[in-house]
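Student: I am new to this structure and would like a close look at a single part of it. Please take your time and connect that part to what lies around it.

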Amino acid sequence: MIQTKQLFSVLMSLSILVTLVSCKEKEKKLSEIENPEQTGTPKIEVSENGHYFQTEDGKPFFWLADTGWLAFNKLDRDELAKYFKDRKQKEYNIIQIMTVHSLGVANVYGDSALVAKDLSKPLVTEGNDFNNAIAYDFWDHVDYALDVAKEEGLYLAMVPVWGSPISEGKVNLEQAKAYANFLAERFKDRDNIIWLNGGDTYGNENTEIWKAIGSILKFANPERMVTFHPRGRTDSSDDFHNENWLDFNMFQSGHRRYDQDDTERNYGEDNYKFVQVDFNLKPTKPTLDGEPSYEGIPQGLHDTLQPLWNDNDLRRYAYWSVFAGAAGFTYGNNHIMQMHENHSKPEAYGSKTYWVKALDDPGAGQIKYLKNLMLDFPYFERVPDESLVANQGEKYDYKAATRGSDYALIYVYNGKNISVNMGKIEGDEVEASWFNPRNGKASKIGNFKNEGTQDFKPTGEEVDGNDWVLILTSK
């Protein structure tokens, strides 16, 4: 009788244990369904309407990237893990990174990427053993970075070779083809790579080489997305929009102020104008700002005595471009993009801040609020609509506006009044709220008739950086 009771007790304990495990597994699956970005790195593709990105199961994917350009060659394994973990915690999903920055590039362990600075001859050793210096090479370190990034659910948007070696005539067409074939074969099974062809270079120069690299990478691995990272104040659509290897457009709005822009476009800081052009091109392709002004970098880039761009500017670029129809945004930081080491010696563009310290610069943690705001509303139906604004302004007074069928979002950079043309979304009434891009918090204003023109005045001073999003939702 005692043995029977003991057996019954054991069976009950096992039953409870199985139930707990089953519940945990169910909770895990539900969590993965609710947040697809936590399930790894599913295939990313262009949405049905051609303007945005989605995962292979049809869920919205908002491109939120950081520029960790020199991570492959300046960070060791522990530092790579630290960097990727921080960026995942701040809700980034992509890291833009250079593969070969210069033909003589080597990583922190002294491993060169190439044989005799020949792009067609990657320096590859047999094996991949970190404890064996001979076996662990530059490309094994890239593999390690991809592994760690995947564990964090991050995609690496990799520039095959930066533009300068090619623009300087150090790479010919055949070398470029051989290198592109090496990359395509080496990384064919990696599902967390996006290729950024080009690299701060003009698409109308060495065009044959860029087309060859793009074609090889795309058609060797059709499921990997490919774009072109162009020179400042230029756009991939300028030269490659109709190329069938180009999945989406990328522009670099650059680091200059209005009064520093000497280009024919003369967009100055109006990065949303690039989006407006690309949004209406055929065939339809997504577009985004792949390099705006970096937080902590001098205005105009090269003169270190100039004021520094700050988090206010990064938010302005982000909301302006996304509300104009961009599929996401790339954040940049002067100290992080070059992985400034922990010493007092200034590096490029006047950087004096250790990259680890810069991880928590204000702008770095604020852009996620834009991503979350966009994903809070029906994503694929969203369109830009400047006609929502009755008192449109220029330069810093510009008000960016976007909407769906039952919601509208209007961004103002400097706390000035927004005069809204009502009746653009459904319903006889709308509920209005203010959304704070600096902390991601929203507060209700009240309900309003959805007709005529209605003024909305943000709290605070009329000063640059007192930015707000007016949210209108149908009642």
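Student: In what order do the strands of the open sheet of 6 strands follow one another, and is the pairing parallel or antiparallel?

Tutor: Please keep in mind that this is a predicted model. The open sheet of 6 strands has the order S15-S16-S17-S22-S19-S20, and its pairing is antiparallel. In general, the strands of a sheet pair through backbone hydrogen bonds, either parallel or antiparallel. At the edges of this sheet stand strand S15, residues 383-384, and strand S20, residues 442-449, and because each has a single partner strand, one side of each is left without a neighbour in the sheet.

At the S20 edge, the partner is strand S19, which covers residues 429-435 and runs antiparallel to S20, with 7 bridges joining the two. To find one place along this pair, look for Ala 432, which stands opposite Gly 446 in S20.

At the S15 edge, a salt bridge is worth finding, for the side chains of Asp 385 and Arg 403 meet there at 2.6 Å, N to O. Asp 385 lies in the loop between S15 and S16, while Arg 403 belongs to strand S16 itself, so the pair ties together parts that are 18 residues apart in sequence. The two partners can also be compared by their accessibility: Asp 385, at 12% relative accessibility, counts as buried because the cut-off for that word is under 20%, whereas Arg 403, at 23%, counts as partly exposed. This pair belongs to a total of 32 salt bridges in the structure. Elsewhere, salt bridges that share partners join Asp 66, Asp 86, Arg 87, Lys 90 and Asp 360 into one network.

Returning to the sheet, we can ask what lies across the strands, and here the element to follow is helix H10, made of residues 311-323. Helix H10 lies across S15, strand S16 (399-403), strand S17 (407-412), S19 and strand S22 (468-474), and it runs at about 145° to S17.

If you follow the chain back from the helix, you come to the loop between strand S13 (287-289) and H10, and in this loop lies Pro 298. With a relative accessibility of 1%, Pro 298 counts as buried. Leaving aside residues up to four places away in sequence, Pro 298 touches His 255, Asp 303, Thr 304, Gln 306, Pro 307, Leu 308, Trp 309, Asn 334 and Tyr 349. A further link across the sequence can be seen in the backbone, where the C-alpha atoms of Pro 298 and Gly 350 are separated by 7.8 Å although the two residues are 52 residues apart along the chain.

For contrast with the sheet we began with, there is also an open sheet of 3 strands, in the order S1-S2-S3, whose pairing is antiparallel. Its edge strands are S1 (44-46) and S3 (60-61), each of which pairs on one side only. Strand S2, residues 53-55, is joined to S3 by 2 bridges, and the two run antiparallel. In this pair, Gln 54 stands opposite Pro 60 in S3.

Technical notes: Residues are numbered from 1 along each chain as its sequence is written. This is a predicted model: local features need pLDDT of at least 70, side-chain atom pairs count only at pLDDT 80 or more; totals for chains, interfaces and linings use all residues. Side-chain values use heavy atoms; hydrogens and water are left out. Two strands pair if DSSP finds at least two bridges between them. Helices (H or I, at least four residues) and strands (E, at least two) are DSSP runs, numbered from the N terminus. Contact means heavy atoms within 4.5 Å. Axes are lines fitted to C-alpha atoms, for helices over the stretch in contact, and angles run from 0 to 180 degrees between N-to-C directions. Buried means under 20% relative accessible area, exposed over 50%, partly exposed in between (1.4 Å probe, protein chains only). A salt bridge is a side-chain nitrogen of Lys or Arg within 4 Å of a carboxyl oxygen of Asp or Glu.
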